[in-house]
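Subject: Structure for your review

Hello,

Please find the sequence and structure below. My notes on what was found follow.

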Amino acid sequence: QVQLVESGGGLVQPGGSLRLSCAASGVIVSRYAMVWYRRSPGKQREFVAAVNSDESTIYVDSVKGRFTISRDSAKNTIYLSMNDLKPEDTAVYYCNVRRRESEYWGQGTQVTVSS
């Protein structure tokens with residue numbers, strides 16, 4: 001049914017940038033709220049950003065002004081553009097969609113911010 005595949009993670013220095021992608025199949029991303037979460041070692045998974053079906057967006061305070069969530073309907077893909085990355089952004093980033101009573105997750109992509 002629904003499949004989400006994250007990519008774009010990697011190792012970057014503090015202050016650097018990355019763009020994460022979440023390619024979706026089995027769901028049209030423009031019709032649903034698409035969400036990015038992240039999980040750091042020893043820390044509970046946390047909400048990062050979401051783009052809703054009405055195009056509104058929301059971000060956790062710690063990434064406001066640095067991260068931007070967007071979607072490309074033609075590619076059925078959502079993105080998380082990350083600028084001015086900080087060591088505390090190090091985490092596995094996951095794509096998520098809630099459709100009807102179901103919830104779907106990607107496999108995650110590792111982001112490491114370190115000198």
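To begin with one residue, Asp84 has a relative accessible area of 42% and is therefore partly exposed (buried means under 20% relative accessible area, exposed over 50% and partly exposed in between, with a 1.4 Å probe and protein chains only). Asp84 sits in the loop between S8 and S9 (strands are DSSP runs of E with at least two residues, and helices runs of H or I with at least four, numbered from the N terminus). Although Asp84 is not a glycine, its phi is positive, at about 50 degrees.

Some notes on the source. This is a predicted model, in which local features need pLDDT of at least 70 and side-chain atom pairs count only at pLDDT 80 or more, while totals for chains, interfaces and linings use all residues. Residues are numbered from 1 along each chain as its sequence is written, and side-chain values use heavy atoms, with hydrogens and water left out.

The sheet

An open sheet is formed by four strands in the order S1-S3-S8-S7, with antiparallel pairing (two strands pair if DSSP finds at least two bridges between them). Its edge strands are S1 (3–7) and S7, each of which pairs on one side only. From one strand to the next the twist averages 15 degrees (axes are lines fitted to C-alpha atoms, for helices over the stretch in contact, and angles run from 0 to 180 degrees between N-to-C directions).

At one edge, S1 and S3 run antiparallel and are joined by five bridges. Gln3 stands opposite Ser25 of S3, and Glu6 has Cys22 as its bridge partner in S3. The side chains of S1 alternate: Leu4 and Glu6 are buried and point to one face, whereas Gln3, Val5 and Ser7 point to the other and are not buried.

At the other edge, six bridges pair S7 with S8 in the antiparallel sense, and Phe67 is matched with Met82 in S8. The hairpin of S7 and S8 has four residues between the strands, and Asn76 there takes a positive phi near 50 degrees. S7 also alternates: Phe67, Ile69 and Arg71 point to one face and are buried, while Thr68, Ser70 and Asp72 point to the other and are not.

The core

The largest nonpolar core has 29 residues, and those with the most contacts inside it are Leu4, Trp36, Leu80, Met82 and Tyr93 (a nonpolar core is a set of buried Ala, Val, Leu, Ile, Met, Phe, Trp, Tyr and Cys residues joined through side-chain atoms within 4.5 Å). Among the elements that give two or more residues to this core are S3 (18–25), S4 (34–39), S8 (77–82) and S9 (91–99). Beyond its neighbours within four places in sequence, Tyr93 is in contact with residues including Leu20, Trp36, Val48, Phe67, Leu80, Met82 and Val111 (contact means heavy atoms within 4.5 Å).

Charged residues

The whole structure holds seven salt bridges (a side-chain nitrogen of Lys or Arg within 4 Å of a carboxyl oxygen of Asp or Glu). In one of them, Glu55 pairs with Arg71, with the closest N and O atoms 3.0 Å apart. Glu55 is in the loop between S5 and S6 (57–59) and Arg71 in S7, so this pair ties together parts that are 16 residues apart in sequence. Arg71 is buried, at 15% relative accessible area.

Asp89 forms a salt bridge with Arg66, at 2.8 Å between the closest N and O atoms. Since Asp89 lies in the loop between S8 and S9 and Arg66 in the loop between S6 and S7, the pair ties together parts that are 23 residues apart in sequence. Asp89 and Arg66 are both buried, and a network of salt bridges links them with Arg38, Lys43 and Glu46.

Asp61 and Lys64 form another salt bridge, with the closest N and O atoms 3.0 Å apart. Asp61 is exposed, at 60% relative accessibility, and Lys64 is partly exposed, at 49%.

Arg99, in S9, is buried but has no salt bridge; the nearest side chain of opposite charge is Glu101, 9.2 Å away (Lys and Arg count as positive and Asp and Glu as negative, with His and the chain ends not counted). Setting aside neighbours within four places in sequence, Arg99 is in contact with Gln1, Val2, Val27, Tyr32 and Tyr104.

Arg100 lies in the loop between S9 and S10 (102–105). Arg100 is exposed, at 71% relative accessibility, and its phi is positive, near 55 degrees, in a residue other than glycine.

Regards
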